[in-house]
Amino acid sequence: MKVFILTQSLTDGGAQRGAVTLANGLAQRGHDVFVFADLTQKITYQPLQMVHLQSYNSNKHNLHKKIYSILTVLHIRRFINDEHPDAIIGIEDHFAFVAKLAVLLSGLRIPIFFSDRNSLERPAGMPMPWNERFYKFYFSRCCSVHTVLTQADKKVVENRLKNVVVMPNPLGIDPCKEVPVKSHSILSVGRLGAWHYKGFDILINAWSKIESDFPDWTLTLVGGGTECDVRRIRQMMHDAGVEGRMNLVPFTQNIINYYREASVFVLSSRCEGFGQVLIEAMSQGCACVACDYKGRQKEIIEDGTDGLICEPENADMLSERIARLIKDNALRRKIQQEAIKSITRFSPAAYAESWEKLLISQIKR
């Protein structure tokens, strides 16, 4: 089976890591895999040598966005006509749309898989932009399959769309066999520019309520962003009075070392679709607290067994959950051990096998 995977880049981000994990998994299962991405950006997630890499137009930064998008469609169409893939997977909405246009222009019948990496619901204060609504609820009807991250998302559209399949993100790092030696540190990870979506203001507020009770503990936030993003987060830290008890660390390829060191991990997002960093932290023996938007993180964590669940946008509850894990050593240790056991269901091998079955089911139609 020959498969094209279209993604934005191979740099940072859960969607990009998932694209590479899928490409590697399918290639290891004997399939011919092509990954299309902007290779002018630094590659932080490396595909296997057996995966064919193709770059979008290299002069992107010298072109108007619309012109670049048109050239990208023509670029993909040329490869479709040359290679005749059996299936094309668009990682996120824009690249599924590009794939569909390219296939239409090629005149071939090739199934398109729209791999959606975001929640299909948003809180009232964070309305979904019109273009996202178009992709998720209308364009997706034109695709063979629209994969969503959770059962909660499938329920949002199952009465309107018949081509929806749940496909959780894979674990992109090898899980620990046992809980590593931990420090008295709390960790959170995410793009600083998405601070409102990620709830970093809520996290900082929650930490300010309890940090004086635990003088030997620190909170570390790891995430990439512009100088403006960094200044904004530092101002939040200053306003909350936690500058001396909180570290701000740029994005690093060695994030696994932070997971292994942290005793507690916090997902403070207002409406996370699927906690990629959550399953990564669990795999490295972190006791996790996850803010759950309408049941999505409950599909990862069993509250009180392999993590703790918290209401989103509730700083008081979040501070209570964090404090509970700090004070109760036995509970923290139990959750750390159970997290490593439960996370195996998100293995890359299981992910590739699920995708293989889904692809074959559509190709044979």
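A residue is called buried when its relative accessible area is under 20%.

**Figure 1. Overview of the protein chain in a predicted model.** Of the 365 residues in the protein chain, 56% are buried. The chain holds 13 helices and 13 strands. Its radius of gyration is 21 Å, close to the 21 Å that the globule rule gives for 365 residues, so the chain is as compact as a globular protein of that length. The C-alpha trace spans about 65 × 40 × 40 Å along its principal axes. Among contacts with a separation of 6 or more, 69% are between residues 24 or more positions apart. About 16,100 Å² of the protein chain is exposed, and 49% of this area comes from carbon and sulfur atoms. The side chains include 45 positive and 39 negative ones, with the centres of the two sets 5 Å apart.

**Figure 2. Helix H4 and the elements packed against its buried residues.** Helix H4 covers residues 130-137, and its buried residues are Glu132, Tyr135, Lys136 and Phe137. These residues lie on the same side of H4, because they cover an arc of only 165° around the axis. What do the buried residues of H4 pack against? Their partners are two helices, H3 (93-106) and H5 (151-157), and two strands, S5 (112-115) and S6 (145-148).

**Figure 3. Methionine 128, in the loop between S5 and H4.** Methionine 128 has a relative accessible area of 12% and is therefore buried. Leaving aside neighbours within four places in sequence, the contacts of methionine 128 are Ser119, Leu120, Glu121, Arg122, Arg133, Lys136 and Phe137. Two of these contacts, Lys136 and Phe137, also belong to the buried residues of H4.

**Figure 4. Histidine 84 and glutamate 92, in the loops on either side of strand S4.** Histidine 84 is placed between helix H2 (65-83) and strand S4 (87-91). Its phi is positive, about 50°, although histidine 84 is not a glycine. With a relative accessible area of 46%, histidine 84 is partly exposed. Glutamate 92 sits in the loop between S4 and H3. Phi of glutamate 92 is also positive, near 75°, in a residue other than glycine. Is glutamate 92 buried or partly exposed? Its relative accessibility is 21%, so glutamate 92 counts as partly exposed; the limit for buried is under 20%.

**Figure 5. Threonine 44, in the loop between strands S2 and S3.** The loop joins S2 (32-37) to S3 (52-55). Threonine 44 counts as buried, because its relative accessibility is 16%. Which residues does threonine 44 touch, not counting those up to four places away in sequence? They are Leu10, Thr11, Asp12 and Gln253. Glutamine 16 is 28 residues from threonine 44 along the chain, and their C-alpha atoms are separated by 9.3 Å.

**Figure 6. Glutamine 284, in the loop between helix H10 and strand S12.** The helix before this loop is H10 (276-283), and the strand after it is S12 (287-291). Glutamine 284 has 0% relative accessibility and so counts as buried. Neighbours within four places in sequence are left aside in the following list of contacts. Glutamine 284 is in contact with Ile173, Asp174, Pro175, Cys176, Pro180 and Lys182, and also with Ile256, Tyr259 and Arg260.

**Figure 7. Lysine 198, in helix H6.** Helix H6 comprises residues 195-198. Lysine 198 is buried, with a relative accessible area of 13%. Not counting residues up to four places away in sequence, lysine 198 touches Arg191, Ser268, Ser269 and Glu272. Lysine 198 and glutamine 276 are 78 residues apart in sequence, and 12 Å lies between their C-alpha atoms.

**Figure 8. Glutamate 313, in the loop between strand S13 and helix H11.** S13 covers 308-310 and H11 covers 315-327. At a relative accessible area of 49%, glutamate 313 is partly exposed, as exposed means over 50%. Ile202 and Arg270 are the residues that glutamate 313 touches, not counting those up to four places away in sequence. Isoleucine 202 is 111 residues from glutamate 313 in sequence, yet the two are 6.4 Å apart in space, C-alpha to C-alpha.

Terms used: Residues are numbered from 1 along each chain as its sequence is written. This is a predicted model: local features need pLDDT of at least 70, side-chain atom pairs count only at pLDDT 80 or more; totals for chains, interfaces and linings use all residues. Side-chain values use heavy atoms; hydrogens and water are left out. Buried means under 20% relative accessible area, exposed over 50%, partly exposed in between (1.4 Å probe, protein chains only). Helices (H or I, at least four residues) and strands (E, at least two) are DSSP runs, numbered from the N terminus. The arc is that of the directions from the helix axis to the C-beta atoms. Contact means heavy atoms within 4.5 Å. The radius of gyration is taken over C-alpha atoms; the globule rule is 2.2 Å times the number of residues to the power 0.38. Accessible areas come from the Shrake-Rupley method with a 1.4 Å probe; for residues, only the protein chains shown count as cover. Lys and Arg count as positive and Asp and Glu as negative; His and the chain ends are not counted. The place of a charge is taken as NZ of Lys, CZ of Arg, CG of Asp or CD of Glu.
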